Amino acid sequence: MNKRQLLSGATLLLLLFYAGCGGAEKPAVTETAATEAPAGPPVDPATAATVTGKVVFKNGKPRANRLRMDADAACAALHGQPVFSDEVVINDNGTLRYVFVYVKSGLGNYSFPAPKEPAVLDQHGCLYTPHVIGVQTNQDVKILNSDQTTHNIHPVPSVNREWNTSMPPGAEPLIKSFPREELLIPVKCNVHPWMKSYIGVLKHPFFAVTGADGSFTIKGLPPGDYTIAAWQEKFGTVEQKVTVGAKETKSVDFTISPPAGAGD
Ligand SMILES: [Cu+2]
């Protein structure tokens, strides 16, 4: 560890100290308050059910917004062709990508320890990859900078603690976690205004993000009655109810459409 790292470590401690004191305008969030694991049993894998489906976009294929990276020549130089926003991505089959689908309610008193494997969020091509991720409370999020330019990652949570960290080229991966459930935390880069991503934080592992075919699969559910929600950053959340028996697989498709008059 060199002098500079020591210094930034000391600055961080100082900042944490101030955040802990609640001296700032925002009320301090006690990071340990939400960490106690519920006392319930684990899900019996022999009864585990699956909910699968896709998220269909109703209104054709709106034109994607082009991102302008001219403000940082290093970013612009990384792309030989136009780059488009991930805010609304309609797949070739008419489905939506980057929809966060999750079990909103219906889970009993089960215990869901955080996975040991971190979720990974990369800063690559001056974009966040993936655009939407889900993690469990207290699961590590490993943040990378694959670019030869400096990013400043800045999650803007409502119930977790806000922070931002500068990551120069070659920076060590940053390990963070979020102790409280939150849907979803916007993440921005203080250097590049076009960079945006979202992190969904849940106490349980029953979530998925739709990919290039617009599908999702949520496995390992205990039998029961659930409300499943599908969240899209621009169009909001739609919900459906589903009942699954032991070892059953149910298909649930969602339709998302822009609000009337929203155009594209
Ligand atoms: Cu950036």
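Here is a short talk between a visitor and a guide about a predicted model.

Visitor: What holds the copper ion?

Guide: Four residues coordinate the copper ion: His 151 through ND1, Cys 189 through SG, His 192 through ND1 and Met 195 through SD. The distances run from 2.0 to 2.6 Å.

Visitor: How do you know that these atoms count as donors?

Guide: A donor must be an N, O or S atom within 2.8 Å of the metal. The distances here are 2.0 to 2.6 Å. The atoms therefore count as donors.

Visitor: Why is the arrangement around the copper ion called irregular?

Guide: The angles between the 4 donor atoms run from 94 to 136°. Tetrahedral needs all angles between 85 and 135 degrees. Square planar needs opposite donors over 155 degrees apart. The range of 94 to 136° fits neither, so the arrangement is irregular.

Visitor: What are the ideal angles for four tetrahedral donors?

Guide: Ideal angles for four tetrahedral donors are 109.5 degrees.

Visitor: How are the donor residues spaced in sequence?

Guide: The spacing is H-x37-C-x2-H-x2-M. His 151 sits in strand β11, residues 151-155. His 192 sits in the loop between β14 and β15. They are 41 residues apart, and the pair links distant parts of the chain.

Visitor: Are His 151 and His 192 buried or exposed?

Guide: Buried means under 20% relative accessible area. His 151 has 0%, so His 151 is buried. His 192 has 1%, so His 192 is buried too.

Visitor: How many aromatic pairs are there?

Guide: The count is 7 aromatic pairs.

Visitor: What makes the pair of Phe 100 and Tyr 102 what it is called?

Guide: Ring centres must lie within 6.5 Å to pair. The centres of Phe 100 and Tyr 102 are 5.5 Å apart. Their planes stand at 35°. Stacked needs under 30 degrees and edge-to-face needs over 60. An angle of 35° meets neither, so the pair is tilted.

Visitor: Are these two residues, Phe 100 and Tyr 102, buried or exposed?

Guide: The limit for buried is under 20%. Phe 100 has 0% relative accessibility, so Phe 100 is buried. Tyr 102 has 7%, so Tyr 102 is buried as well. Ring pairs also link Phe 100, Tyr 102 and Phe 207 into a cluster.

Visitor: Why is the pair of Tyr 198 and Trp 231 called edge-to-face?

Guide: The angle between their planes is 65°. The cut-off is over 60 degrees. The pair is therefore edge-to-face. The centres are 5.1 Å apart. Tyr 198 belongs to strand β15 and Trp 231 to strand β18, 33 residues apart. Tyr 198 has a relative accessible area of 11%, so Tyr 198 is buried. Trp 231 has 13%, so Trp 231 is buried.

Visitor: Which residue lies over the face of Trp 163?

Guide: Lys 176 does, at 4.5 Å from the ring centre.

Visitor: How do you know that β7 and β10 pair?

Guide: Two strands need at least two bridges to pair. β7 and β10 have 5, in the parallel sense. They therefore count as a pair. One of the bridges joins Leu 121 to Ile 143.

Visitor: What other strands belong to this sheet?

Guide: The order is β8-β7-β10-β13, in an open sheet of 4 strands. β7 and β8 run antiparallel over 3 bridges. Asp 122 has Thr 129 as its bridge partner in β8. β10 and β13 also run antiparallel, over 3 bridges. There Val 141 is the partner of Lys 176.

Visitor: What makes β8 and β13 edge strands?

Guide: Each pairs on one side only. The twist averages 20° from one strand to the next.

Visitor: Where do backbone angles stand out?

Guide: The hairpin of β7 and β8 has 2 residues between its strands. Gly 125 there takes a positive phi near 65°. Cys 126 lies in the loop between β7 and β8, with phi near 60°, though not a glycine. Cys 126 has 0% relative accessibility and counts as buried.

Visitor: Why is Asn 138 called partly exposed?

Guide: Partly exposed lies between the limits of 20% and 50%. Asn 138 has 30%, so Asn 138 is partly exposed. Asn 138 sits in the loop between β9 and β10, with a positive phi of about 70°.

Visitor: Which peptide bond is cis?

Guide: The bond from Thr 129 to Pro 130 is cis, with omega near -5°. Pro 130 lies in the loop between β8 and β9.

Definitions and conventions
Residues numbered from 1 in each chain as written. Predicted model: local features only at pLDDT ≥ 70, side-chain atom pairs only at ≥ 80, totals over all residues. Heavy atoms only, no water. Phe/Tyr/Trp six-rings, centres within 6.5 Å; stacked < 30°, edge-to-face > 60°. Buried < 20%, exposed > 50% of the residue type's maximum accessible area, 1.4 Å probe, protein only. Lys NZ or Arg CZ within 6 Å of the ring centre and 35° of its normal. Donors = N, O, S within 2.8 Å, 3.2 Å for Na, K, Ca; no water. Tetrahedral: all angles 85-135°; square planar, octahedral: opposite > 155°, others 65-115°. Axes fitted to C-alpha atoms, helices over the stretch in contact; angles between N-to-C directions.
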